[in-house]
Amino acid sequence: MFNLVAISTIISLIAMIMLMIVSLISKKSYADREKSSPFECGFDPTSSARLPFSLHFFLIAVIFLIFDVEITLLFPLIKSLTLTSILNYLIILIMFITILLIGLFHEWKQGALNWTN
């Protein structure tokens, strides 16, 4: 027990010493107006470098993530096929896919899946 505490203390001290040395000898960078500007070619920017983010693209990405996560939820269901009866498995699978399809049809009716408006 004492060896574990001593080794942990020594490792912590070495890590703190290394962090202090790195912070002392690291290159300091001072942010100026030219470096924080989106254009570094010698002239002042005439317009914003940031384009407006498409809200529709964000909604499509969120829908993709939702369906991607729900696809990963199907993998344990496949593994549990050997552990449960086929009737219980089919009821759970049909309920799961029905909930997915209801969500998909809801998004379709709301117009979130239409790329062009």
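**Helices 3 and 4 of a predicted model**

Colleague: In this predicted model, how far does helix 3 reach from its first C-alpha to its last?

Modeller: Helix 3 consists of 25 residues. At 1.5 Å a residue, a reach of 36 Å is expected. The reach found from the first C-alpha of helix 3 to the last is close to that, namely 38 Å.

Colleague: How far apart are the end C-alpha atoms of helix 4?

Modeller: Helix 4 covers residues 86-110, which makes 25 residues. At 1.5 Å a residue, helix 4 should therefore span 36 Å. The distance between its end C-alpha atoms agrees with this: 36 Å.

Colleague: Which residue follows helix 4, and what is the sign of its phi?

Modeller: The residue that comes after helix 4 is Gly-111. Its phi is near 85 degrees, and the sign is thus positive.

Colleague: What pattern does the chain follow along the sequence?

Modeller: The secondary structure of the chain comprises four helices and zero strands. Read along the sequence, the pattern is α-α-α-α.

Colleague: How are helix 3 and helix 4 oriented to each other, roughly parallel or roughly antiparallel?

Modeller: The axes of helix 3, residues 55-79, and helix 4 come within 12 Å and cross at roughly 175 degrees. Angles over 145 degrees count as roughly antiparallel. Helix 3 is therefore, with respect to helix 4, roughly antiparallel.

Colleague: How many of the residues in the contact of helix 3 with helix 4 are nonpolar?

Modeller: On the side of helix 3, the contact is made by Ile-63, Phe-67, Glu-70, Leu-73, Leu-74, Leu-77 and Ile-78. Helix 4 contributes Tyr-89, Ile-92, Leu-93, Phe-96, Leu-100, Leu-104 and Glu-107. Two of the residues in this contact are charged and none is polar, while the number of nonpolar residues is 12.

Colleague: Which helix is included in what covers the buried residues of helix 3?

Modeller: The buried residues in helix 3 are His-56, Ile-63, Leu-74 and Leu-77. In the chain of 117 residues, buried residues make up 8%. What covers the buried residues of helix 3 includes helix 4.

Colleague: With which residues is Leu-104 in contact, leaving aside its neighbours within four places in sequence?

Modeller: Leu-104 lies in helix 4 and counts as partly exposed, at 28% relative accessibility. Phe-67 is 37 residues from Leu-104 in sequence, yet their C-alpha atoms are 9.2 Å apart in space. Once the neighbours within four places are set aside, the residues in contact with Leu-104 are Phe-67 and Leu-113.

Colleague: Why does the pair of Phe-105 and Trp-108 count as stacked?

Modeller: The count of aromatic pairs comes to one. The ring centres of Phe-105 and Trp-108 lie 6.2 Å apart, and the planes stand at 25 degrees. Planes under 30 degrees apart count as stacked. The pair is therefore stacked, owing to its plane angle of 25 degrees.

Colleague: Which residue of this pair is exposed, Phe-105 or Trp-108?

Modeller: Phe-105 and Trp-108 are three residues apart in helix 4, so about one helical turn separates them. Phe-105 has a relative accessible area of 44%, which means that it is partly exposed. A relative accessible area of 52% belongs to the exposed residue, Trp-108.

How values were computed
Residues are numbered from 1 along each chain as its sequence is written. This is a predicted model: local features need pLDDT of at least 70, side-chain atom pairs count only at pLDDT 80 or more; totals for chains, interfaces and linings use all residues. Side-chain values use heavy atoms; hydrogens and water are left out. Helices (H or I, at least four residues) and strands (E, at least two) are DSSP runs, numbered from the N terminus. The expected span of a helix is 1.5 Å times one less than its number of residues. Rings of Phe, Tyr and Trp (its six-membered ring) pair if their centres lie within 6.5 Å; planes under 30 degrees apart count as stacked, over 60 as edge-to-face and the rest as tilted. Buried means under 20% relative accessible area, exposed over 50%, partly exposed in between (1.4 Å probe, protein chains only). Axes are lines fitted to C-alpha atoms, for helices over the stretch in contact, and angles run from 0 to 180 degrees between N-to-C directions. Angles under 35 degrees count as roughly parallel, over 145 as roughly antiparallel, 65 to 115 as roughly perpendicular and the rest as oblique. Contact means heavy atoms within 4.5 Å. Ala, Val, Leu, Ile, Met, Phe, Trp, Tyr, Cys and Pro count as nonpolar, Asp, Glu, Lys and Arg as charged, and the others, Gly among them, as polar.
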